[in-house]
Amino acid sequence: MLEILFDSIRQTLFFTLKQLPYIVIGLFLAEMMVAMKWVEKFAWATKSIMRYAHLNAGCGIPFLIAFVSPMAANSTLLGVYKKNQISSRELFFALLVNSFPNALMHWRWWLPAIYSVLGTVGLIYFTLILTGETLRVLVFLTISRFALPTPETKAIPDRPSEKEPVQTVIGISMENTWKMSLRILKFFFPVTLIVFFLNNLGFFNLLAGAFKEMARFFPIPVESVPIIAAQFGNSLVAFAIAGNLFNQHIISAKDVILTLCAGRIFAAVMVAIRMQLPAVVGIFGRKVGLRIVIARVLSATGIDLFMILMICLLF
């Protein structure tokens, strides 16, 4: 047990050191964008989206950052929240909306791989996933529109307000970033340690085994079960297995798409525990973080179930 604990601590240290630069950069950007009034300068890029969802313009820049680094986007959004630029309800919906660029990020690497092994079937699957993720973010945006009040339109001042010297702003931003980073690490490190400890104990393997048994209740052939088993560990391996079974005419194109969609449902839970808990709960704390993770998993599951139903009815 002590060996597992020490190994978990080592893995947590490496993971934390890997993610720490993104956290620091995100917090620093949040401090700078408020002090230098970058929100007003870059608001045009996401103005329509934020306005439709009744979200503050300050949520727009983290949304754009999420296409590059979800961790940096989370810490930027936290910095905006701590600066009292947005309310806790706006923070909640902004994090849900940011799940759209978070989801699309992975396809930078997955799309070439899935096309190489599945060809047109892979492109159809990607199109369905893109449609599902777009539908999910539209639902989030619409709920946010009705749940949040219309943001107040700030009057433009007759003369520009005095700005702090750049060197002063950078110094203050660095000091505030340092304080906030230490506060985040107090949550991030223990949450990450718990996740790695459970993984090394074999908890996730037991969970994956239980999910594989549940796969029998989905409209997929028995031959497709290895694809779902692979999705718990590595989606690229799952695509390769699916391509091999399809090319050998063991399963049909419809079976491939249904199986990959079903596997996404089970894999979403694993990803939420392994990745989203440290990335969200570790930064925003247990109260906000758990609500976000649960909402993301439930919404993703609902969309995937809807896609499976449509595939069964239309094809």
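These legends accompany four close-up views of a predicted model.

**View A. A salt bridge within helix 1.** Here the side chains of Arg-10 and Asp-7 come together, with 2.4 Å from N to O. Both residues belong to helix 1 (residues 2–35) and sit 3 residues apart, about one turn of the helix. In an α-helix there are 3.6 residues a turn, so residues three or four places apart point the same way. Arg-10 is partly exposed at 41% relative accessible area, and Asp-7 is partly exposed too, at 26%.

**View B. A buried salt-bridge network.** Let's move to helix 9, where Arg-136 and Glu-133 lie 3 residues apart and form a salt bridge of 2.9 Å, N to O. Arg-136 is buried, with a relative accessible area of 7%, and Glu-133 is buried, also with 7%. Salt bridges with shared partners link Glu-133, Arg-136, Arg-264 and Asp-304 into one network. Within it, the closest N and O atoms of Asp-304 and Arg-264 are 3.1 Å apart, and both of these residues are buried.

**View C. A nonpolar patch on the surface.** Leu-135, Val-139, Ile-143 and Phe-306 make up this patch of about 320 Å². Helix 9 (residues 120–147) supplies the largest share, 3 residues. One residue of helix 9 to look for is Ile-143, which is partly exposed with a relative accessible area of 45%.

**View D. Helix 5, largely enclosed.** Helix 5 (residues 70–82) reaches 18 Å from its first C-alpha to its last, close to the 18 Å expected. Because 10 of its 13 residues are buried, helix 5 is largely enclosed by the rest of the structure; among the buried residues are Met-71, Asn-74 and Leu-78. After helix 5 comes Asn-84, with a positive phi near 60 degrees.

Methods
Residues numbered from 1 in each chain as written. Predicted model: local features only at pLDDT ≥ 70, side-chain atom pairs only at ≥ 80, totals over all residues. Heavy atoms only, no water. Patch = residues over 30% accessible without salt bridge, like charges linked within 9 Å, V, L, I, M, F, W, Y side chains within 5 Å. Areas by Shrake-Rupley, 256 points an atom, 1.4 Å probe, with all protein chains shown as cover. Salt bridge = Lys/Arg side-chain N within 4 Å of Asp/Glu carboxyl O. Helix = DSSP H or I, 4+ residues; strand = E, 2+ residues; numbered from the N terminus. Buried < 20%, exposed > 50% of the residue type's maximum accessible area, 1.4 Å probe, protein only. Expected span 1.5 Å × (residues − 1).
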